[in-house]
Amino acid sequence: MTVEALKAKQCCPPWGPDPNNTCGWQQGRGVCREVQVDTRPWGGPYTLRNVDDRERWPLKFFNRSCQCTGNFGGYNCGDCKFGWAGPNCDAKKPVVVRKNIHTLSEEELEQFLDALDRSKTTVHPDYVIATQHWLSLLGPSGNDPQIVNCSIYDYFVWLHYYSVRDTLLGPGRPFTAIDFSHQGPAFVSWHSVVSFPKDILELPVCSALALQQKLEMQEEVPGKRGPLFKQPFSIAVPKDICAIYYSSISKLRALFTDLDDYNRLVTLCNGTREGPLRRNPFSNSGDRLPTTDDVRNCLSLHDFDKPPFFRNSSFSFRNALEGFDRPDGTLDAPVVSLHNLVHGILNGTSAFPHAAANDPIFVLLHSFTDAIFDEWMKRFHPSDSAWPQELAPIGHNSMYNMVPFFPPVTNQELFQTAEQLGYSYAVELPGTLQEASAWGVMVGSTIGGALIALLVLVVLLVVFQHRRHRKGFEPLVNARFSTKKYTEEA
């Protein structure tokens, strides 16, 4: 990133050694063009205009960027879209299987945890983070970009923080009713991107294993917390390597936690690590994880989302999955279910949207949330029109560029099944309510039929006995039996 590029609001880097080969145009990989943004009206509580740098993303920073052709991708079209490979990005990669963490071998789990550790210490090769909003990005002199390097994992955490942070209006005067990745349809598309960061997945150890984990939701068992919380700082891992994970997570430090300070100073987080990760799971006596029936009820909702496309939408699959509706879609405020419920149960760092991604369990939770979304997509095959084109909260219309991803990608582009995006989930989710009802009817009918048959048989036997006695039935042989055993004397 250069001062000239920021002042020109153009991000069209060259591909290869030739500085004139912007976006790889000489090889037909892409071209430098005007950024397309959504112009349809948004709804929701954010009514301000031209005060937040995420409005009409990314025009406050860049109005020209590389637009890649075919399966080429990346900020300079030098990469392939996820799922594609080869010099011309025309070779389909094998579908990446995202595994259940409970099924990993000890070696696989150690490699997964090692990749997480390395992502915290490996400087991101392509991206930096801004420490000031758009009006102050070039510093007091106008020639000093307010940016810092960050690790691969911290960049991932910054993405989530930046999407949920408040609008900065002045010292201690934030506008808080804004969120580009929650409380609207973009919840599912946004978290599909970050359910496991592509940069982490492509670390050598991870690309070899193609690991993607999920959080296992448990049946509710009174007095039992489930295997997720076997140890104070462990995800559900085999008992003999809980200590490995404990040492890995306990040394991590959180970023972007002091939101009130950023608002008071009218600034963004500068990437300083501010303290340890915190968890206090099941701190309330009534806490429980979502159940299989909760997931089944959510997957039975036919409508992707419904007006007003916000946290008060009812019978909305998205709102139920996010956790503002009951799992069956009924709205009964205040409700905390499914995704929101797990964040609340974890407590500590995970309970705050601006800081939650610091905890690696975020990856597992959102992988499983994405698996539920993928299952819903495969069951209902929604049309593109199922996603609202307008009047969703800011950032949530179908053609809005997702904040803060760059190069720009719209919500609509992520409204696909996982396999269309190059991965799948090794997870079995519960069937529909109709299937469960049909199974119940079949079992009930079988048991009921057996009971009726038994009752008929008893009635017939009683009638038969009664008729024998009325006719004076006499047995052919009158047998009298001794009670003595054959070893005793007669």
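Me: Buried means under 20% relative accessible area, exposed means over 50%, and partly exposed is in between, using a 1.4 Å probe and protein chains only. Is Cys-23 buried or exposed?

Reply: First, some housekeeping: this is a predicted model, where local features need pLDDT of at least 70, side-chain atom pairs count only at pLDDT 80 or more, and totals for chains, interfaces and linings use all residues. Residues are numbered from 1 along each chain as its sequence is written, and side-chain values use heavy atoms, with hydrogens and water left out. Cys-23 has 0% relative accessibility, so it counts as buried.

Me: What is odd about the backbone of Cys-23, and what is its phi?

Reply: Most residues other than glycine have a negative phi. Cys-23 sits in the loop between strand S1 (10-11) and S2; strands are DSSP runs of E with at least two residues, helices are runs of H or I with at least four, and both are numbered from the N terminus. Cys-23 isn't a glycine, yet its phi is positive, at about 60°.

Me: How many aromatic pairs are there?

Reply: Rings of Phe, Tyr and Trp (its six-membered ring) pair if their centres lie within 6.5 Å; planes under 30 degrees apart count as stacked, over 60 as edge-to-face and the rest as tilted. By that rule, the number of aromatic pairs is 22.

Me: How are the rings of Phe-62 and Phe-406 arranged?

Reply: Their centres are 5.3 Å apart and their planes meet at 40°. Phe-62 is in the loop between strand S2 (30-34) and strand S3 (64-68), while Phe-406 is in the loop between helix H12 (361-380) and strand S15 (423-425), so this pair links parts of the chain 344 residues apart. Both Phe-62 and Phe-406 are buried. Because of its 40° angle, the pair counts as tilted.

Me: And how are Trp-158 and Tyr-162 arranged?

Reply: Here the ring centres lie 4.8 Å apart, with planes at 25°. Trp-158 and Tyr-162 share helix H3 (residues 152-164), where 4 residues, about one turn, separate them. Both are buried. Given the 25° angle, the pair is stacked.

Me: Which residues do ring pairs link into a cluster?

Reply: The same pairing idea applies, where a pair of aromatic rings is described by the distance of the centres and the angle of the planes. The cluster holds Phe-304, Phe-317, Phe-373, Trp-376, Phe-380, Trp-387 and Phe-415.

Me: How many salt bridges are there?

Reply: You need a side-chain nitrogen of Lys or Arg within 4 Å of a carboxyl oxygen of Asp or Glu. One of them joins Asp-303 and Lys-306, with the closest N and O atoms 3.8 Å apart. The total number of salt bridges is 18.

Me: What is the N to O distance between Arg-379 and Glu-375?

Reply: Arg-379 and Glu-375 are 4 residues apart in helix H12, about one helical turn. Arg-379 is partly exposed, at 23% relative accessible area. Their side chains meet in a salt bridge with an N to O distance of 2.9 Å.

Me: Which residues are joined into one network by salt bridges that share partners?

Reply: Lys-378 also bridges to Glu-375, at 4.0 Å from N to O. Lys-378 is partly exposed, at 43% relative accessibility. The joined residues are Asp-374, Glu-375, Lys-378 and Arg-379.

Me: Which residues make the nonpolar surface patch of about 290 Å²?

Reply: Patches use residues with over 30% relative accessible area and no salt bridge, joining like charges within 9 Å and nonpolar side chains (Val, Leu, Ile, Met, Phe, Trp, Tyr) within 5 Å. The areas come from the Shrake-Rupley method with a 1.4 Å probe, and for residues only the protein chains shown count as cover. This patch is made by Leu-454, Leu-457 and Leu-461.

Me: What is omega for the peptide bond joining Phe-406 and Pro-407?

Reply: Most peptide bonds are trans. Pro-407 is in the loop between H12 and S15. The bond from Phe-406 to Pro-407 is cis, with omega at about 0°.

Me: How far apart in space are Leu-168 and Leu-265, C-alpha to C-alpha?

Reply: Leu-168 lies in strand S11 (residues 167-168) and is buried, with 14% relative accessible area. Leu-168 and Leu-265 are 97 residues apart in sequence, but their C-alpha to C-alpha distance is 9.2 Å.
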